Amino acid sequence: MAEVRGEVKTDPNAVVDRAVNLGAAPVTYGQGDRPPRGDYASARADYTCDQNWSAYTDADHDLYRRLYERQAAQLSGLACDEFIAAVEHLGPPAQIPRFDALSDTVYRATRWEVVAVPGLIPEEAFFALLSQRRFPVTGWIRKPEEFDYVVEPDVFHDLFGHVPLLFNPAFADYMQAYGAGGLKASLLGSCEHLARLYWYTVEFGLIDTKAGLRAYGAGILSSAGELRHSVISPAPQRLGFDVERIMRTRYRIDSYQSTYFVIDSFRQLFEATAPDFRPLYERVAQLGELGAEQRLPTDRVF
Ligand code: PHE
Ligand code: CO
């Protein structure tokens, strides 16, 4: 964890301990020694809670504004147009948005809602909310000393990174389908493979546009350093989107990614993931895993 990144390193799908998925019990994490950061006592059985907006301090709002302004300043030429066009729906950055008002705005556009959660939630609760077109956003904001790097998703990552693309109809439908697919994968024991799809698309996805490669993944878009790294650094490999390839590919949670997958369009993302994944899960289990930095002869390299 030596490397400093401007966003979260924890995969909400991969790290939540399935054993504690009983009502709104506190969530524990893969690493084991870190207590959950949010207030799980106030969460409902579906893990949603009140945002408690009035509890934010002036310092919290100020930190949100500084995070927002640092990212907004570098979006041009690096973030996809759909993201840039929608980020203004978050409202003025002077204060942490009120989820209720933002939720109404998203709902009018794509029938998605924004709901508050205490922090990371068990994967089944997460999948259930997505399948209902309800996007869970962490209520708390990082500490000032976590300006460049925070271990768990906070309100800045969740709002700034994820909410703008919920305004895009094709992406919005993909997110719902992902939630429903997650509930199915839970029953099939394939969550780890499906989580890689989330990681390499929703969190770290790139899109090919007429103007060049652009970022659409929330983990990139909320990161001060990875935005440039992912789009323009010569270091990482950028490969054509391929669901089977992605499901086989391990990922790093403690450094910038060494591989990014590039979609042609949000429509492609939705359509390529629409078929029944059951046979795919079986094939992927047979084929085995690939390292995060591996290259295959069949890869389409950008
Ligand atoms: N088609 C997938 C399935 O049958 C569901 C899914 C859609 C999963 C979109 C992820 C993303 O399981
Ligand atoms: Co995220």
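Start by selecting T138, which sits in strand β2 (residues 134-138). Keep in mind as you click around that this is a predicted model. Is T138 buried or exposed? T138 counts as buried, because its relative accessibility is 2%, and the cut-off for buried is under 20%.

Now show the side chain of T138 and look for its polar partners. One is the side chain of D158, joined to the side chain of T138 by a polar contact of 2.8 Å. The T138 side chain also reaches the backbone oxygen of P153, at 3.4 Å. If you skip the neighbours within four places in sequence, the residues in contact with T138 are F99, V117, P118, G119, P153, D154, V155 and D158.

Next, go to the metal. Select ligand 2, the cobalt ion. Which residues coordinate it? Turn on side chains and you'll find H157 and H162, each through NE2, and E203 through OE, at 2.0 to 2.1 Å. Along the sequence, these donors follow the spacing H-x4-H-x40-E. Colour the helices and you can see that H157 and E203 link distant parts of the chain: H157 belongs to helix α6 (residues 155-162) and E203 to helix α8 (residues 191-203), 46 residues apart. Switch on a surface if you like; both H157 and E203 are buried.

Then move on to ligand 1. Select its surroundings and you should pick up Y174, A177, Y178, G181, K184, L194, L197, T273, A274, P275, D276 and F277. By class, that shell has eight nonpolar, two polar and two charged residues.

Zoom in on the backbone around ligand 1. A backbone N or O atom of P275 lies 2.6 Å from a nitrogen atom of the ligand. For A274, look for a polar backbone atom 3.2 Å from a nitrogen atom of ligand 1. F277 pairs with an oxygen atom instead: a polar backbone atom of F277 is 3.0 Å from an oxygen of ligand 1. How much of ligand 1 does the protein cover? On its own the ligand has 320 Å² of accessible area, and the protein covers 93% of that. The elements giving two or more residues to the shell are α7 (169-188) and α8, and α7 gives the most, with five residues.

While you're on helix α7, select G182, which has its place there. G182 counts as buried because its relative accessibility is 0%. Beyond its neighbours within four places in sequence, G182 is in contact with F127, C191 and L194. You met L194 a moment ago, in the surroundings of ligand 1. Try a distance from G182 to E124 too: the C-alpha atoms are 7.4 Å apart in space, while the two residues are 58 residues apart in sequence.

Last stop: a pair of loop residues with backbone angles to check. Most residues other than glycine have a negative phi. Select N52, in the loop between α1 (12-15) and α2 (58-72). Its phi is positive, near 55°. N52 is partly exposed, with a relative accessible area of 48%.

Finish with R111, in the loop between α4 (99-110) and β1 (113-117). R111 is not a glycine, yet it has a positive phi of about 65°. Is R111 buried or exposed? R111 counts as exposed because its relative accessible area is 53%, and the cut-off for exposed is over 50%.

Methods
Residues are numbered from 1 along each chain as its sequence is written. Chains are lettered from A and ligands numbered from 1 in the order in which they are written. This is a predicted model: local features need pLDDT of at least 70, side-chain atom pairs count only at pLDDT 80 or more; totals for chains, interfaces and linings use all residues. Side-chain values use heavy atoms; hydrogens and water are left out. Donors are N, O and S atoms within 2.8 Å of the metal (3.2 Å for Na, K and Ca); water is not among the atoms, so sites may look incomplete. Helices (H or I, at least four residues) and strands (E, at least two) are DSSP runs, numbered from the N terminus. Buried means under 20% relative accessible area, exposed over 50%, partly exposed in between (1.4 Å probe, protein chains only). A residue is near a molecule or strand if one of its heavy atoms lies within 4 Å of it. A polar contact is a pair of N or O atoms within 3.5 Å; within protein, one must be able to donate a hydrogen and the other to accept it, and residues adjacent in sequence count only if both atoms are side-chain atoms. Accessible areas come from the Shrake-Rupley method with a 1.4 Å probe; for residues, only the protein chains shown count as cover. Ala, Val, Leu, Ile, Met, Phe, Trp, Tyr, Cys and Pro count as nonpolar, Asp, Glu, Lys and Arg as charged, and the others, Gly among them, as polar. Contact means heavy atoms within 4.5 Å.
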